[in-house]
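The following exercises concern a predicted model. Each task is followed by a solution in steps.

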Amino acid sequence: MLYAEVLLAVPVGESWTYSVPDAQASAIAFGKRVIVPFGKRKMTGYVILVSDQKPEGGYEIRSIDRIVDKEPVFTPEQLRIAKWMHKMYFTATGICLSAMIPSGKRESEMDPFFEPASFRAIEHLSSSQENALREIREGSSRVYYLFGITGSGKSEVYLRRAEDVISQGGQVLYMVPEITLTEQLSDEVYERFGGRVAIIHSNLTPSQRLKAWNEAAKGDVDLVIGARSSVFAPFRNLKLIILDEEHETSYKADNAPRYHARQVAQYRASELGAEFIMGSATPSMEAWKMMMEHQIHRIDLPERVGNGKYPKIRVVNTLGSKRNITAELEKEIRRTLEEKKTVLLFLNRRGYTYGYSCSVCGHVITCPNCSVSMTYHKKDNRLYCHTCGYNMPAVRVCPECGSYDLVPRGFGTENIEEEARALFPSARIARLDADAVSSSKDEMHRILQAFRNGDIDILLGTQMIAKGLNFPLVSLVGVLNADSSLMIPDFRASERTFDLLHQVAGRAGRYRDDGLVIIQTTQPFSPAVSAAADNDLEGFYRKEMKLRKETLFPPFSRLIDITIRGKNEDMVREKAEELENIAVSIAGDDEDLEIFSATPCPIERKALYYRYHVLLRSGNIARLLYFASLVISRFSVPSSMYMEIDTDPVSLM
Ligand code: ADP
Ligand code: ZN
Ligand code: ZN
């Protein structure tokens, strides 16, 4: 009699043993899925061991119902990744494994939209491209970072290196934040790499995806291109992982297992001894620190390959302005339209409406511990830090300028389209935001195409259009409200704002040298805005790094964010406080561990659920993971509530 040890996608326990009916004994194998009885249900199990030894324990062993797959759908390497993820992201190994294998569940990798670069082979490399390639070819490092401005031609460097590796018989994984597959792209890819590529995009059905995976696992393809979840694709001989736009938060999963594709890729590459190349124009602070400390080898690509230049940037102070489109921006729009060029208006919707700031000087009240903006609570007229729980009475006088005009500030964005139509009645105006896209992806492509062709004069859009898209005709970009992302009560507010402004600015000067960007803001002197305006990346990173060091936030520490969610607010708060108390008692007087008070999440309610969180912090990840595992093992949530554990969260909302 054979026995199969299987993992199930359930939150408890590690593995279960089932007996294998003799009729199926020849087909059972590691890596296949089986249907098994579990309690009163039938579930999918993942076979991780086949043995003829009856397990000890004397409990009743049930029999598998049937085997799902003809061929294994996961490899021993993937199982190792799942086990690693279990420890790193506090999700049962079976759930990790099931998340790694294409199934009926569609991934929602939607926002923002990217246009992957051209895959057409380029004959003459620029000198920085040549240098970059030489450094990688001749280097002894295993991890590289292409720090190159937008349009510096990073893709061609990745692709040349991929060709090297493939010519030596290796396989390559090429990751992008989101893939919008166009016919042109797929033609170019196939032309360059022959038929031996698999492009994993969001329109593939699970079975098409699985087919692509089998090809990679068998070694029938040399190159797999895909977004976040393609980091799990099985390979026979993976030798190079490329991760473009490293800083993008879409690489982090927002459901359990809350993995970061960069972390998984790094783990995988180091386990396999594969090379790992990341790249971005605006690296994450985490990557930046690793580069500074020479843990990853940084290669600079400082020039654009084409004629484009970084555009001129003008900052307009909107303090006291009642309009969404200031007179200055209006004037420039008019001029641009007269010159028959096009305008991109960017509206920062990652906004947050309860920041508390001075309407005279723009000063924002921040937490003394975290430098995160404080949130105003009307019910007790106090300001709260949603990160560490610090709170204080709402201040009356601006500590910067002494004015009495401190107000909770919100940003109305609904009226902008109307305002634009009223100002420019004869212009052709279109809007693109999440609503437009969810209604129809085709509509989105139609609008983008029309804008690109010059059939739309003014395109109004959200962060969805901020990145990755190329509009050669755009000569004016207006950022309507740079502040709203600065006000996000998250220690990354400044980093996100800078990244966004820098990328948006990149939309204007990519193909021309008359690009102009107007940034409207109430905080013209904030480091994020002024550094973006001056195109001073290094300066921004220096300042932001210093602040992170002072406040001990990542990359100078690691975080685990534990959120309790439920319909009864009092119960949720009590549970979160209980969690905090358990953590405090376990930590004792260990100075390496820090527990922030249970506090409502910045988004306190989501779809009927109240949310409280407790943040754990340490300088040492191994220690932090161990500590969190102890805390969680002594803590349980009733079935009316949920606990979400987020290691290295990219957002604390
Ligand atoms: P990045 O990813 O660094 O922003 P891309 O790789 O998207 O830049 O390249 C920008 C554009 O420049 C692409 O259209 C690409 O085809 C083109 N390009 C890249 N390298 C060269 C080169 N050596 N000569 C001319 N054009 C190039
Ligand atoms: Zn003030
Ligand atoms: Zn705080």
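A residue counts as buried when its relative accessible area is under 20%, as exposed when that area is over 50%, and as partly exposed in between.

**Exercise 1.** Determine whether cysteine 398 is buried or exposed, and classify cysteine 361 likewise.

*Solution.* Cysteine 398 has a relative accessible area of 3%, so this residue is buried. Cysteine 361 has a relative accessibility of 31% and therefore counts as partly exposed.

**Exercise 2.** Identify the residues that coordinate the zinc ion (ligand 2), and establish the geometry of the arrangement.

*Solution.* The SG atoms of Cys358, Cys361, Cys398 and Cys401 coordinate the zinc ion (ligand 2) at 2.2 to 2.4 Å. Along the chain, these donors follow the spacing C-x2-C-x36-C-x2-C. Cysteine 361 belongs to the loop between strand 15 (355–358) and strand 16 (375–377), and cysteine 398 to the loop between strand 18 (391–393) and strand 19 (406–409); the pair therefore ties together parts 37 residues apart in sequence. Next, consider the angles. Four donors count as tetrahedral if all angles lie between 85 and 135 degrees. The 4 donor atoms here subtend angles of 106 to 112°, so the arrangement is tetrahedral.

**Exercise 3.** Describe the surroundings of ligand 1.

*Solution.* Around ligand 1 there are 15 residues, of which His124, Gln129, Gly151, Lys154 and Ser155 come nearest. The shell comprises 5 nonpolar, 8 polar and 2 charged residues. A nitrogen atom of ligand 1 lies 2.8 Å from a polar side-chain atom of glutamine 129. An oxygen atom of ligand 1 lies 2.9 Å from a side-chain N or O atom of lysine 154. Finally, the protein covers 74% of the 560 Å² of accessible area that ligand 1 has on its own.

Technical notes: Residues are numbered from 1 along each chain as its sequence is written. Chains are lettered from A and ligands numbered from 1 in the order in which they are written. This is a predicted model: local features need pLDDT of at least 70, side-chain atom pairs count only at pLDDT 80 or more; totals for chains, interfaces and linings use all residues. Side-chain values use heavy atoms; hydrogens and water are left out. Donors are N, O and S atoms within 2.8 Å of the metal (3.2 Å for Na, K and Ca); water is not among the atoms, so sites may look incomplete. Four donors count as tetrahedral if all angles lie between 85 and 135 degrees; four count as square planar and six as octahedral if opposite donors are over 155 degrees apart and all others between 65 and 115; anything else is irregular. Helices (H or I, at least four residues) and strands (E, at least two) are DSSP runs, numbered from the N terminus. Buried means under 20% relative accessible area, exposed over 50%, partly exposed in between (1.4 Å probe, protein chains only). A residue is near a molecule or strand if one of its heavy atoms lies within 4 Å of it. A polar contact is a pair of N or O atoms within 3.5 Å; within protein, one must be able to donate a hydrogen and the other to accept it, and residues adjacent in sequence count only if both atoms are side-chain atoms. Accessible areas come from the Shrake-Rupley method with a 1.4 Å probe; for residues, only the protein chains shown count as cover. Ala, Val, Leu, Ile, Met, Phe, Trp, Tyr, Cys and Pro count as nonpolar, Asp, Glu, Lys and Arg as charged, and the others, Gly among them, as polar.
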